[in-house]
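Please read the following alongside the chain shown here. The text starts at one residue and then widens to the whole.

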Amino acid sequence: MSPTPSTNEENKLPLNGRRAIPPDYSNGEENEVPELEAFGLVPRGFNPRDYLRVVDIYMFKEPYEINKQEHHTDKYYNPRLIVRRGQAFQIRIDFNRPYQPGTDQFWLEYLMGRYPQRNKGTYIPIPVGNELKPGQWGAKIIHRENNSIRLSIMSSTICIIGKFRMYVAVQTPYGILRTRRNSATDTYILFNPWCQLDAVYLDDEKEREEYVLNDVGIIFHGSAEDITSRSWSYGQFEENILDACLFLMDKAELELSGRGNPIKICRVASAVINSRDENGVLVGSWDNKYDYGVAPSAWTGSVDILLEYYSSKQPVRYGQCWVFAGVFNTFLRCLGIPGRLVTNYSSAHDNNGNLRVDFFLDEEGKVDPKLTRESLWNYHCWNEAWMTRPDLPVGFGGWQVLDATPQETSDGMYRCGPASVQAIKHGHVCFQFDAPFVYAEVNSDIFFTRIQKNGTQVVEGINTTHVGQLIVTKEVGGDGMMNITEEYKFPEGSEEERLALETAVMYGVKKQSVQDTTYQSQTDVVMDFQAQKAVLGSDFKVTTTFTNKSYNTYTITAYLSGNIVFYTGVPKKEFKTHSFSAKLEPLASKSFDVVIKSSEYMNDLLEQASFHFFVTARINETGKILALQKAVRLEIPTLRIKTKGEMVAGKETSVVVEFTNPLKQTLENVTLRLEGLGVLRTITKQFGRIPMNSTLTWEVKFTPMRPGLQKLIASLSSDALKHVYGELNVQIQKP
């Protein structure tokens with residue numbers, strides 16, 4: 001059997017007192033492999049042509065051929081062979097004469113990186129044997145005809161993921177003859193959710209089709225009371241996306257030998273998808289200013305972002321949580337790791353890890369923005385990836401939380417996960433990685449704390465059910481929503497929930513119990529707050545209702561504060577204040593309406609049309625304070641997409657995108673974006689302005705590429721209005 005191919009490179013390696021061979025971080029770099037590796041002096045009459053020689057290698061790499069069909073890789077827009085590990089694939093070798101098993105000896109070699117080594121899994125010699133063993137590298141001849149043989153090759157189930165170079169080596173008495181470097185025989189090896197021995201094995205075919213093969217998804221946003229959704233093109237099979245995803249691991253400097261482990265891959269990816277540490281893929285921006293870049297709301301998919309990063313090697317501007325999560329999902333599915341995008345409504349960003357989000361009130365019961373440092377996101381998107389966790393006790397495999405949105409550092413870098421969903425549910429937050437942070441995002445309590453003049457803190461209200469009240473993802477095989485809250489937490493108030501919390505506290509999560517605070521809940525008067533559903537640009541009313549459940553008569557003094565907020569819950573501006581007082585008769589209810597005019601909010605409105613309303617009320621007779629906060633989101637109008645005539649693959653057709661400006665102002669700097677996987681490449685068009693009440697019409701001519709059911713996704717972005725989407729399912733006919 002051959003030694004590792006020696007190269008001139010190795011003779012010139014930089015001296016290093018600690019290691020003989022430098023670390024290998026790049027899947028793209030190569031070493032030179034000699035075509036003739038002599039065993040010493042070669043006699044003068046030696047002619048390589050006298051021995052068995054490879055004339056051609058046929059890879060069966062077309063989408064309709066056996067390899068890509070059986071390995072579920074026929075959708076990749078890539079001319080090379082792409083297979084999944086732990087599953088046999090076939091190649092044909094044509095020699096210069098018939099192969100003679102008794103005397104001829106040859107083997108295959110798979111190499112990766114600049115310094116291939118056998119013990120690192122980057123140099124893999126494969127002898128031809130009589131049988132294939134499951135989960136282990138091997139090759140056997142399954143057909144011989146004339147000068148050709150057909151081989152079945154099995155890869156290891158713990159094999160490195162990436163692009164391998166392939167050589168065929170033939171033994172002669174005087175040396176080893178190798179095939180010349182030929183990029184056409186390069187072989188990509190990916191994770192295999194269809195293989196029981198793979199760490200990412202998923203046993204349900206419908207789930208594999210959704211979480212690995214579906215290239216369009218749904219992202220849920222809005223608020224728990226007003227859920228909205230939009231489509232996102234993951235595009236994991238598009239041209240150059242596989243190479244771009246492999247490049248991310250090079251960028252993160254994940255050593256090649258670690259790339260067979262989905263835990264390591266996901267951990268480094270959660271850091272490299274944001275730009276905070278190593279100039280990763282996306283620059284996050286939450287300040288409503290998107291100069292020199294694309295507004296996060298304008299993206300319609302991951303492909304443009306990944307391709308721009310792969311070609312420029314510079315971070316792409318800009319992303320917010322759903323953009324980070326959309327790109328991460330493309331990365332996972334592209335490499336063969338089952339992945340899904342998850343939305344957590346009322347997500348706590350608990351800066352000091354004490355499982356409480358504090359809203360501080362001043363003496364009069366108004367929220368004090370200077371003291372209130374923690375935020376409650378209307379929603380937050382992250383990812384889940386499916387894998388075993390051999391590094392944790394049994395039972396913590398399955399779905400793992402990953403989050404590439406840069407929020408807090410973990411081991412010195414902006415990254416989060418993988419954290420076992422099962423461990424979060426049961427409070428086992430001691431298990432790596434970053435489980436306490438995720439636990440707080442879904443389990444924190446909201447405290448309304450009044451600061452008295454002498455500095456003492458009085459807790460006036462606690463809400464234990466608001467945070468993480470709804471956790472959702474797209475349903476399998478459809479565009480609907482699947483509620484997965486119960487995978488993260490036990491029912492509120494149940495014995496199991498209390499036990500999980502006690503476990504989390506035992507493992508170091510800081511939790512101030514209600515008994516530690518000077519808090520007596522007040523049950524005489526109940527306050528409720530509702531907002532009328534309204535379209536952006538119109539007036540709407542909000543209603544506060546007080547119900548007196550006692551036999552006493554009370555008078556109350558109430559204060560309403562309306563704030564324009566980022567979807568992260570951080571306030572930009574208080575735009576509405578309203579004080580009122582009332583007399584509450586025994587066992588009676590009373591409602592108060594406040595009208596919010598469009599002129600009050602339009603000038604300062606942020607792109608997701610989100611408000612937070614705080615209502616605080618003091619019962620004058622008892623001094624008790626009632627407090628609640630509610631997120632309200634206005635309905636944003638949609639784009640209309642219409643087709644003109646039928647759509648046939650390879651034949652020019654057109655669609656029309658329409659939008660009517662609903663605002664009482666002209667929209668400036670309007671940009672439209674349209675994309676559809678298999679239908680058309682992303683097209684963007686700038687429109688100067690759309691006057692109020694007028695309609696913009698944009699006709700786009702294109703030639704659909706692939707037949708089948710496809711989705712067109714459009715977005716509109718402007719100075720005053722963003723988060724405007726439209727979509728249309730189109731059936732592309734075969735020519």
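Glutamate 497 is partly exposed, at 22% relative accessibility; buried means under 20% relative accessible area, exposed over 50%, and partly exposed in between, with a 1.4 Å probe and protein chains only. The model is predicted: local features need pLDDT of at least 70, side-chain atom pairs count only at pLDDT 80 or more, and totals for chains, interfaces and linings use all residues. Residues are numbered from 1 along each chain as its sequence is written, and side-chain values use heavy atoms, with hydrogens and water left out.

Glutamate 497 sits in helix α11 (residues 495-506); helices (H or I, at least four residues) and strands (E, at least two) are DSSP runs, numbered from the N terminus. Leaving aside neighbours within four places in sequence, glutamate 497 is in contact (heavy atoms within 4.5 Å) with Phe490, Pro491 and Glu492.

An unreviewed UniProt entry lists Asn443, Asp445, Glu492 and Glu497 under "binding site". These residues span 55 residues in sequence, yet no two of their C-alpha atoms are more than 13.6 Å apart, so they gather at one spot. UniProt positions are given in the numbering used here, feature names are shortened, and annotations may be inferred rather than shown by experiment. Asparagine 443 belongs to helix α9 (residues 435-443) and is buried, with a relative accessible area of 16%. Neighbours within four places in sequence aside, asparagine 443 is in contact with Val467 and Lys489.

Another glutamate, 278, lies in the loop between α5 (262-272) and β14 (282-284). Glutamate 278 is buried yet has no salt bridge, that is, no side-chain nitrogen of Lys or Arg within 4 Å of a carboxyl oxygen of Asp or Glu. The nearest side chain of opposite charge, arginine 415, is 6.7 Å away; Lys and Arg count as positive and Asp and Glu as negative, while His and the chain ends are not counted. Not counting residues up to four places away in sequence, glutamate 278 touches Lys251, Ala271, Val272 and Met413.

Strand β14 also helps to cover the buried residues of α6, along with α4 (241-251), β15 (316-319) and α7 (321-335), among others. In helix α6 (residues 303-312), Val303, Ile305, Leu306 and Tyr309 are buried. An α-helix has 3.6 residues a turn, so residues three or four places apart point the same way. Lysine 313, with a positive phi near 60°, follows α6.

Overall, the chain has 12 helices and 41 strands, and buried residues make up 57% of its 735 residues. Among contacts between residues at least 6 apart in sequence, 69% join residues at least 24 apart.
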